[in-house]
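Me: Before we accept the labels attached to a model, I would like to go through the reasoning behind them. Could you take the terms in turn and set each value against its cut-off?

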Amino acid sequence: MKISFRGEELILDKERALYLPNEKLLAISDLHLGKAAHFRKSGLAIPNAVSKNDLDRLSALLHQYQPKILLINGDMFHSDHNSEIDEFIAWRQQFSSIEFILVKGNHDKQHDDIYADSKVTVKDPTYQTNNFCFIHDAFKCDSPLYSIGGHIHPGVRMYNKAKQSIKLPCFYFGNEYAILPAFSTFTGLQLVQARENDAIYAVTPSKIVEI
């Protein structure tokens, strides 16, 4: 879905990504690579296919939009060094022409060598474009630019005519900041409520729907 916001065209993708054509920048948030491995270490049988599916989706987006920059707006890696991080480093090699930038999030506590091996440039606490300030936690941004955050994994509850409901991830655009949906499918949702002049775009399996 294309929208015009703050004088700039934005594309909201149903794969939970934001594309800025003027910047040739693809932005995602909360990739959480290694989360499944973290749960497996705790004895829970979470399949490795979770991270593979997320990377396959990300590959498709990179091929589709051909961005100059992939911006990961926080929480790229969920936990300590593990096999899923090694898989990411190998996967990254096929996109050597794209600059990968990470805005540090609360889970991004890995050693600098891991980011260097991943060929990922780390920005802390923000990355700024002409119109936007990307920061993992939008509530903490003190930039005069419009903030775009992640962190809370925003979601919205939608109802059908039979009063049945479903929770879906969403893009939230408020007066002061926006919040991107979590890119990883292995995350929970925090329901958000629209205030006056806010816009919420639900992510369904087939398209983006404005609420």
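**Strands, cores and cysteines**

Reply: In this predicted model, β1 and β2, the latter covering residues 8-13, are paired in the antiparallel sense over four bridges.

Me: What makes β1 and β2 a pair?

Reply: Pairing requires at least two bridges between the strands, and β1 and β2 have four, so the term applies. Within this pairing I3 stands opposite L10, and F5 has E8 as its bridge partner. The two strands form a hairpin with two residues between them, where R6 takes a positive phi near 50 degrees.

Me: How do you know that β2 also pairs with β3?

Reply: Three antiparallel bridges join β2 and β3, and since the requirement is at least two, they count as paired. One of the contacts across this pairing is that of D13 with its bridge partner A17 in β3. This hairpin has three residues between its strands, and R16 in the turn shows a positive phi of about 70 degrees.

Me: Why are β1 and β7 called edge strands?

Reply: The open sheet has seven strands in the order β1-β2-β3-β4-β5-β6-β7, with mixed pairing. β1 (2-5) and β7 (120-123) each have a single partner strand, so one side of each is left without a neighbour in the sheet. Neighbouring strands are turned against each other by 25 degrees on average, direction ignored.

Me: Why is β2 described as largely enclosed?

Reply: Five of the six residues of β2 are buried, so the rest of the structure largely encloses this strand.

Me: What makes D108 a buried residue?

Reply: Buried means under 20% relative accessible area, and D108 has 2%, so the label holds. D108 is placed in the loop between β6 and α4. Leaving aside neighbours within four places in sequence, D108 is in contact with G74, D75, M76, F77, L102, V103 and Y115. The C-alpha atoms of D108 and D75 are 5.5 Å apart, although 33 residues separate the two along the chain.

Me: How do you know that the side chain of D108 makes polar contacts with the backbone?

Reply: A polar atom of the D108 side chain lies 2.6 Å from the backbone nitrogen of D75, and the D108 side chain reaches the backbone nitrogen of G105 at 2.7 Å. The limit for a polar contact is 3.5 Å, and both 2.6 Å and 2.7 Å fall within it.

Me: Why do C133 and C141 not count as a disulfide?

Reply: A disulfide needs two cysteine sulfur atoms within 2.5 Å, and the sulfur of C133 is 3.1 Å from that of C141, its closest cysteine sulfur, so the distance is too far for a bond. For C170 the closest cysteine sulfur is also in C141, but at 20 Å, which is too far for a bond. Both C133 and C170 are buried, with a relative accessible area of 0%. A search of the whole structure finds zero disulfides.

Me: Which residues have the most contacts inside the largest nonpolar core?

Reply: This core has 28 residues, and L62, L70, M76, F88 and F100 have the most contacts inside it. Its largest share, five residues, comes from α2. Apart from it lies another core of 25 residues, among them L20, F171, Y201 and V203. Not counting residues up to four places away in sequence, L62 touches L26, P67, L70, W91, F95, I98 and F100.

Technical notes: Residues numbered from 1 in each chain as written. Predicted model: local features only at pLDDT ≥ 70, side-chain atom pairs only at ≥ 80, totals over all residues. Heavy atoms only, no water. Core = buried A, V, L, I, M, F, W, Y, C linked by side-chain atoms within 4.5 Å. Buried < 20%, exposed > 50% of the residue type's maximum accessible area, 1.4 Å probe, protein only. Contact = heavy atoms within 4.5 Å. Axes fitted to C-alpha atoms, helices over the stretch in contact; angles between N-to-C directions. Polar contact = N/O pair within 3.5 Å; in protein donor to acceptor, adjacent residues only side chain to side chain.
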